[in-house]
Amino acid sequence: MKNKEKIRHVAPENKRDTSADKKKIKKALIIILSAFLALAVLWGALALVAELLKHSGEEEFSYDDFRFFEPDYNANLLENRMYTSLNRSVYFDRYGNEIVLTESNSAENAAADMFYKYFACLVNGNYQAYPEFFTEEYIKENPEKIPERFTMQGVYDIHIKLHSASKPEQDNNNLTCEIYEVSYRIFENNGTFRRDVLPDETRTLVFEVYINNGEAKISAIATRANG
């Protein structure tokens, strides 16, 4: 009888141990599967970014001069009522939260602040300050993409949307890379800034932005595939 009692006491304990082991195995499997899913999502995101940035020299083009308005470097675009009647707000979408950028709220985010000043630079025709928005590497590798001079640009219908954010493989923990899809139109485009879009038309661009210690700089610009 004593032996039977010992067996009755031991059996439930073994069952509990087996059940606990199964739970541990199940939990480990869930963690492993979650890790694989996270990697799959990351690889998918990287592939999509690569597709967005797909841009070969063969795709680059510019329209003929006669398709653009005549440049007038003395004209004050902000006195043109047709332009000022257009929607000139800068819409900034970060993870589905879209806001209209202003001088005050743009300062809350490095990329937002950079984009707000970037478009202000275009509107004011401030070509001297334009290179300041880019990394030194970009300017060094793409000097032909920095216009020497442009008139006041009638940008409007401006939309900026964050696509992804990541940490580049560099020895700098403060560096973040953000990819943005950017679209806008140019009122009476005269071709002094962009020659790949006709007046009031749009082509979506992809901006790669590096943020280092709270300062955002453009490290690449490309036309989105099928954009």
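Which residue just after α3 takes a positive phi? That residue is G125, with a phi of about 65°, and α3 is a good place from which to tour this model.

A word on the ground rules before we go further. This is a predicted model, in which local features need pLDDT of at least 70 and side-chain atom pairs count only at pLDDT 80 or more, while totals for chains, interfaces and linings use all residues. Residues are numbered from 1 along each chain as its sequence is written, and side-chain values use heavy atoms, with hydrogens and water left out.

Let's take in the whole chain. You will find 4 helices and 6 strands, following the pattern α-α-β-β-α-α-β-β-β-β along the sequence; helices (H or I, at least four residues) and strands (E, at least two) are DSSP runs, numbered from the N terminus. Of the 227 residues, 34% are buried, meaning under 20% relative accessible area with a 1.4 Å probe, counting protein chains only.

Now to helix α3 itself, residues 110-123. Its 14 residues reach 20 Å from first C-alpha to last, close to the 20 Å expected at 1.5 Å a residue, where the expected span is 1.5 Å times one less than the number of residues. At its start, a side-chain oxygen of N109 comes to within 3.0 Å of the backbone nitrogen of A111. The helix is mostly covered, with 10 of its 14 residues buried, including M114, F115, Y118 and F119. The buried residues of α3 pack against α2, β1, β3, β4, β5 and β6.

Next, follow the strands. Strand β4 (residues 175-187) is largely enclosed by the rest of the structure, because 11 of its 13 residues are buried. On one pairing, 10 bridges join β4 to β3 (residues 154-166) in antiparallel fashion, with S164 bridging to I179. Another antiparallel pairing uses 8 bridges to join β4 to β5 (residues 205-212), and there E181 has V206 as its bridge partner. Strands pair if DSSP finds at least two bridges between them.

Helix and strands come together in the largest nonpolar core, which has 39 residues; such a core is a set of buried Ala, Val, Leu, Ile, Met, Phe, Trp, Tyr and Cys residues joined through side-chain atoms within 4.5 Å. Those with the most contacts inside it are F115, Y118, F119, Y180 and F207. Helix α3 gives the most to this core, with 9 residues. Leaving aside neighbours within four places in sequence, F207 is in contact (heavy atoms within 4.5 Å) with residues including F115, Y118, Y180 and I218.

Notes
Buried < 20%, exposed > 50% of the residue type's maximum accessible area, 1.4 Å probe, protein only. Polar contact = N/O pair within 3.5 Å; in protein donor to acceptor, adjacent residues only side chain to side chain.
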